[in-house]
Amino acid sequence: MDFLMELLTTPSPSSLEMGIQKKWLEYVRPYADEIRTDNAGNVIGVLNPEAEFKIMLAGHCDEIGLVINRVDERGFLHFDKMGGINPKAAVGMKVTVLGYGGTVTGVIGVNAQHHGGLKGDFSLENLFIDCGAKSKEEMERYVQIGDLAVYKREPEILMDRYLSGRGLDNRTGSFIVAEVLRQLSQHNLNVGVYAASTVNEETNMGGAYFAAAGIEPTMAIAVDVTFATDYPKVDSNKHGDVRLEKGPVLAKGAPINRKMNKPLENAAKSLNLNVQYELTPRMTGTDADKMRLTGQGVPVSLVSLPLRYMHSPVETASMQDIEEEIALLVHMIKEMTGEESLNPLED
């Protein structure tokens, strides 16, 4: 729990993941047979590196953020998105600006309703950050174009069962991958395990491509989050029925290797765990899309954590689902022989 909270309180906007990656590396180091890094910024913990059959697990550590694109004459910061920022969720939020000259706190200002407020649809161009500076010169002592900011929001536990905060997408996935490696380190494995904390998923998924291209895995599993639909005003008939505390979510669709879900389902049955399903007909929108296109092609699957309020400062997930997803992946991998065929034409 301490490690999970440390990840969630460490700023890691896409393209600035070095701080969180160093913490992830130090956590997995005692359990891994080998640690690898690459020029993209990925960190990979390896178990049983001599095995011919290689399983890659990828959980991205980057979160959505803001990128400063202008400092105006009065010292206000203007920004664009680094990943899928929802302008309406940003209004009135506190932010931490990761400036080149130091970290500063700011607030996303909004025109008072008495002065007209924000009307209808609006974009990030209508918003700004107020750090308290009196001039452009003062603000530029701390911040320059291209510096990043994240919401100033601490993780919290709701009713002793749910975890809420910013950036659960997908630092929970990075955490799950680390925990799977830690638990598997206690077993004799027939396969190699390559647990990767990847970068840049929220912007270009380049981290996963770099990592998979270097590993050349036999199979790869993206460990990410997906949209829960169990809260008011969501049409589950349109968006699917995915609920917190109903277990990990397996994807079905063209990108997913049909033979890879079966051992996951068997592991769930052995552990008496529920699994849920989502459809990814063309693309998954996760690291799986890039991993499968490396080398001669990599069979992929996607295991996701149900998440409420995606890309908001109050993303919410179930601790039970996190624990069950770790148990599912550990059980599946430790039961593998290394002789499995992933060719859908072979029985």
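**Entry 1: Gly173**

I looked up Gly173 and found it buried, because its relative accessibility is 1% and buried means under 20%. I note that the model is predicted. I placed Gly173 in helix α5, which covers residues 168-184. I then asked which residues Gly173 is in contact with, leaving aside neighbours within four places in sequence. I found Gly59 and Val223. I checked Gly59 further. Its C-alpha is 4.5 Å from that of Gly173, yet 114 residues separate the two in sequence.

**Entry 2: α5 against α10**

I stayed with α5 and turned to its packing with α10. I read off axes that come within 9 Å and cross at roughly 45°. That angle makes α5 oblique to α10. I noted the crossing as right-handed. From α5, I listed Thr172, Phe175, Ile176, Glu179, Val180, Gln183 and Leu184. They meet Ile322, Glu325, Ile326, Leu329, Val330, Ile333 and Lys334 of α10. I sorted the residues of this contact by class: 9 are nonpolar, 2 polar and 3 charged.

**Entry 3: α8 against α10**

I kept α10 (residues 319-334) and looked at helix α8 (residues 261-271). At what angle do they pack? I noted about 110°, with the axes 9 Å apart. That makes α8 roughly perpendicular to α10. I recorded a right-handed crossing here. On the α8 side, I wrote down Pro263, Leu264, Ala267, Ala268, Ser270 and Leu271. On the α10 side, I wrote down Ala327, Leu328, Leu329, His331 and Met332. I counted 9 nonpolar and 2 polar residues in this contact, with no charged ones. I saw that Leu329 is listed in the contact with α8 and also in the contact with α5.

**Entry 4: aromatic rings**

I searched the whole structure for aromatic pairs and got 5. I picked out Phe3 and Tyr27. Their ring centres are 3.7 Å apart and their planes lie at 5°, so I logged the pair as stacked. I traced Phe3 to helix α1 (residues 2-8) and Tyr27 to helix α2 (residues 18-28), so the pair ties together parts 24 residues apart in sequence.

I asked next whether Phe3 is buried or exposed. Phe3 is buried, at a relative accessible area of 7%. Tyr27 is partly exposed, with 21%. The cut-off explains the two labels, because buried means under 20%.

Last, I followed the ring pairs outward. They link Phe3, Tyr27, Tyr31 and Phe175 into a cluster. I recognised Phe175 from the α5 side of the contact with α10.

Terms used: Residues numbered from 1 in each chain as written. Predicted model: local features only at pLDDT ≥ 70, side-chain atom pairs only at ≥ 80, totals over all residues. Heavy atoms only, no water. Helix = DSSP H or I, 4+ residues; strand = E, 2+ residues; numbered from the N terminus. Buried < 20%, exposed > 50% of the residue type's maximum accessible area, 1.4 Å probe, protein only. Contact = heavy atoms within 4.5 Å. Axes fitted to C-alpha atoms, helices over the stretch in contact; angles between N-to-C directions. Parallel < 35°, antiparallel > 145°, perpendicular 65-115°, else oblique. Left-handed = near helix turned anticlockwise from the far one by under 90°. Nonpolar A, V, L, I, M, F, W, Y, C, P; charged D, E, K, R; others polar. Phe/Tyr/Trp six-rings, centres within 6.5 Å; stacked < 30°, edge-to-face > 60°.
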